[in-house]
Amino acid sequence: MPTPSLATSATAEEQAEFIDASPSPFHVCATVAAELELAGFQRLFEDQDWSSQEDMAFEGLSDDAGRRFYVIRGGSIIAWDRGDGDAFRIVGGHTDSPNLRLKQNPDRESVGLATVALEPYGGAWLNSWLDRDLGVSGRLAYRSGRSVSSVLVNVTEPILRVPQLAIHLSEDRKGVTLNPQRHLDAIWGVETSEPIVDWVAEYAGVDPDAVLGWDLMTHDVSPSRVIGVDDELLSAPRLDNQGTCYAGLHALLDGEPSIHTRVLALFDHEEVGSGSERGAASDFLATTLERIVLSQGGSRADYLRAMASSVCVSGDMAHATHPNYPERHEPSHRIAVNGGPVLKVNQNLRYASDAAGEAIFALACDTAGVPMQRYIHRADLPCGSTIGPITATRTGLLTIDVGAPQLAMHSARELMGAADVPMYSAALQAFLSGE
């Protein structure tokens, strides 16, 4: 298998640990922030004055601390390593993944069993969520005196399970078509009277009576693992798109300072269209980049000039050619597991790549010493999309859609090549530091 010539600390084993520590978008941000702070990045807040960041004193930290910052908005995070030039090099991705989420009044009882009402989020491949041991993660908002606080929660114990119907009870012994309203309630006990949100609050050390709101979702509690006869594969949940979150983080941390300001931008809500205050369709990226320019004494005109010479890579995962369904893929565009990063092109702009962007990413892969694969979707099948077209439209940035190859996208459990982890990160690293 090919290995990158550019040094990278990204490994499949460490990506597995990253994913297991990040069962929700909020946990992704916390995991990324912890790694950033170990590298000397400082957190800024959107309601704070950034104009004094050049003069901020960071006792006991490296000389890099005065140029390395990050900001969090809900389940989205943007980090940057300020360069001396005007332009930005941006790696974008998303923190959310399709799953099953708790409804607002989740407690149910049916035929003597206590159940929890769940709702699909994004394009979850519903059958893959059946017969799995599920935990609960997310955040709780609760009353703290006269104000509101929030806390992350991660129930790692298997407390929920959505059971499949027995084959003997199906009409033709070929399975059933799942109705997302009727067939996704999870069993969590027998004659259990305690509301699940109260139970989760107690688990998190919060008074249940103080809880005012929640964003709670389920996750498969089985750990991510490197598998295969020669340890060549990574089996994990949420590879789409924590594979990019991890690769982009290490691309930022492993890379050398550049003339460009190197940026990592990870957004929530991509799987449902990005239309939120913290999604890629929001002002989060544009206002953050403008504030970076203004904090260095630049003007609005300086910001617009910087954007005109900046480039964004929209990183998401890519469809590897499935060995059991090769006919579902575009002929002459075989995408191999452990075959290197993937450039994604769509003539109807479901992906944002064009010739200028393609050349930039191809050069980055060449610099990193990794092969580049080119993906297009079958013309007779609907193509998914990414934050790429949204980012390009929202900001005017030259944007390129790329990814790492995987199988079983949107399943509760996905599969990718172990060697693709460092190759993907090395390519993103080369892009961030490129000319």
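Student: Which residues does isoleucine 77 touch, not counting residues up to four places away in sequence?
Tutor: This is a predicted model, in which local features need pLDDT of at least 70 and side-chain atom pairs pLDDT 80 or more, while totals for chains, interfaces and linings use all residues. Residues are numbered from 1 along each chain as its sequence is written, and side-chain values use heavy atoms, without hydrogens or water. Contact means heavy atoms within 4.5 Å. The residues touched by isoleucine 77 are Cys29, Val32, Ala33, Leu36, Tyr70, Val71, Ile72, Leu264, Ala265, Leu266 and Phe284.

Student: Which helix gives the most residues to the largest nonpolar core?
Tutor: Such a core is a set of buried (under 20% relative accessible area, 1.4 Å probe, protein chains only) Ala, Val, Leu, Ile, Met, Phe, Trp, Tyr and Cys residues joined through side-chain atoms within 4.5 Å. The largest has 52 residues, and Leu36, Ile77 and Leu428 have the most contacts inside it. Helices are DSSP runs of H or I, at least four residues, and strands are runs of E, at least two, numbered from the N terminus. With nine residues, the main contributor is α9.

Student: Which are the edge strands of the open sheet?
Tutor: Strands pair if DSSP finds at least two bridges between them. The nine strands follow the order β1-β2-β3-β13-β4-β14-β18-β16-β17, with mixed pairing. Pairing on one side only are β1 (42-43) and β17 (373-375).

Student: At what angle does helix α9 run to β4?
Tutor: Axes are lines fitted to C-alpha atoms, for helices over the stretch in contact, with angles from 0 to 180 degrees between N-to-C directions. Helix α9 (residues 420-432) lies across β4, β13, β14 and β18. Its angle to β4 is about 145°.

Methods. Buried means under 20% relative accessible area, exposed over 50%, partly exposed in between (1.4 Å probe, protein chains only).
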